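The exercises below are to be worked with the sequence and the coordinates at hand. Each task is followed by a solution in steps.

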Amino acid sequence: MAPGVRLVQKVSSTRAFAKVAPHVVPVMDRTVHRLTRGKVLLSARMLPGLILTVPGARSGQLRTTPLACMPEKGAEQSWILVGSNFGRSGHPAWTANLLAGPDRAVVNWQGRDIPVRATLLEGEEREEVWRAALKFWPPYATYQARVEREIRIFRLRGRDDAAS
């Protein structure tokens, strides 16, 4: 575990962080990512991260969101995204966008754009991934305890039809 991770986990579990972080972290990530031409994602210094681009569910306009992710071991071009919204009450907008256009998403991973297919995980599969996510980032348990909704979990896999 990287130095300071436990401190960051403790801080990120607070309600104050949930109020401030959604307004600060994505803006910093997008700016640095753009300035470094996709080479640096600040939040990825603590957790693996990617940039998700997907059309808006209602507007159809491309929406770009920096997100923490859990790369799946043993699976090339496969990531888990947890729609925790920092433990705030509503689902994050990007989750609705993925539900509306699961085959229209692209991730920027380590400077490469990769077309992906998103699958909302449910049932036993979701529970298995949720347990792994809690080991990966324990504050997810605090986020879930704070909200009445079930946190959405998606698996993103690189599409074979990327050339089409």
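**Exercise 1. The chain as a whole**

Among contacts in the protein chain between residues at least 6 apart in sequence, what percentage join residues at least 24 apart? Then describe the secondary structure and the burial of the chain.

Solution. The model is a predicted one.

Step 1. Of the contacts between residues at least 6 apart in sequence, 65% join residues at least 24 apart.

Step 2. The chain has 5 helices and 7 strands. Their order along the sequence is α-α-β-β-β-β-α-β-β-α-α-β.

Step 3. The chain has 164 residues, and 41% of them are buried.

**Exercise 2. The second largest pocket**

Which residues line the second largest pocket, and which element gives the most to the lining?

Solution.

Step 1. The volume of the second largest pocket is about 270 Å³.

Step 2. Its lining consists of Met70, Pro71, Glu72, Lys73, Ile80, Glu125, Glu128, Val129, Ala132, Phe136 and Arg155. Two elements give two or more residues to this lining: strand S3 (70–71) and helix H4 (123–136).

Step 3. H4 gives the most, with 5 residues.

Step 4. Sorted by class, the lining holds 6 nonpolar and 5 charged residues, and no polar ones.

**Exercise 3. Salt bridges**

How many salt bridges does the structure hold? Find the partners of Arg155, then determine which residues are joined into one network by shared partners.

Solution.

Step 1. There are 5 salt bridges in the structure.

Step 2. Glu72 is paired with Arg155, and their closest N and O atoms are 2.6 Å apart. Glu72 sits in the loop between S3 and strand S4 (78–83), while Arg155 belongs to strand S7 (residues 152–158), so this salt bridge ties together parts 83 residues apart in sequence.

Step 3. Arg155 also forms a salt bridge with Glu125, where the closest N and O atoms are 2.5 Å apart. Since Arg155 lies in strand S7 and Glu125 in helix H4, the pair ties together parts that are 30 residues apart in sequence.

Step 4. Compare the relative accessible area of each residue with the cut-offs. Arg155 has 9% relative accessibility, so Arg155 counts as buried. Glu125 has a relative accessible area of 38% and is therefore partly exposed.

Step 5. A further salt bridge links the side chains of Arg126 and Glu150, at 3.6 Å from N to O. Arg126 is in helix H4 and Glu150 in the loop between helix H5 (139–146) and S7, so the parts tied together are 24 residues apart in sequence. Arg126 is buried, with a relative accessible area of 4%.

Step 6. Through shared partners, salt bridges join Glu72, Glu125 and Arg155 into one network.

**Exercise 4. The two faces of helix H3**

Which residues of helix H3 (residues 93–100) are buried, and what covers them?

Solution.

Step 1. The buried residues of H3 are Trp94, Thr95, Asn97 and Leu98. Around the axis they cover an arc of only 160 degrees, so they are on the same side of H3.

Step 2. The face turned away from this buried side carries the exposed residues Ala93 and Ala100.

Step 3. The cover over the buried residues includes strand S1 (49–55), S2, S4, strand S5 (105–109), strand S6 (112–120) and S7.

**Exercise 5. Three threonines**

Is Thr65 buried or exposed? Place Thr65, Thr119 and Thr14 in the secondary structure and describe their surroundings.

Solution.

Step 1. Thr65 is part of strand S2 (residues 62–68). With a relative accessible area of 19%, which is under the 20% cut-off, Thr65 is buried. Beyond its neighbours within four places in sequence, Thr65 is in contact with Arg30, Leu50, Ile51, Leu52 and Trp94.

Step 2. Thr119 is in strand S6. A relative accessible area of 39% makes Thr119 partly exposed. Not counting residues up to four places away in sequence, Thr119 touches Ile153, Phe154 and Arg155. Thr119 and Leu99 are 20 residues apart in sequence, with a C-alpha to C-alpha distance of 8.1 Å.

Step 3. Thr14 is in the loop between helix H1 (5–12) and helix H2 (15–35). Thr14 is partly exposed, at a relative accessible area of 33%. Thr14 and Thr142 are 128 residues apart in sequence but 8.6 Å apart in space, C-alpha to C-alpha.

Definitions and conventions
Residues numbered from 1 in each chain as written. Predicted model: local features only at pLDDT ≥ 70, side-chain atom pairs only at ≥ 80, totals over all residues. Heavy atoms only, no water. Helix = DSSP H or I, 4+ residues; strand = E, 2+ residues; numbered from the N terminus. Buried < 20%, exposed > 50% of the residue type's maximum accessible area, 1.4 Å probe, protein only. Contact = heavy atoms within 4.5 Å. 1 Å grid on protein atoms, 1.4 Å probe; cavity = no way out; pocket = protein on both sides within 12 Å on 5 of 7 lines; lining within 4 Å. Points joined across faces, edges and corners; volume = space filled by probe spheres on them. Nonpolar A, V, L, I, M, F, W, Y, C, P; charged D, E, K, R; others polar. Salt bridge = Lys/Arg side-chain N within 4 Å of Asp/Glu carboxyl O. Arc of directions from axis to C-beta.
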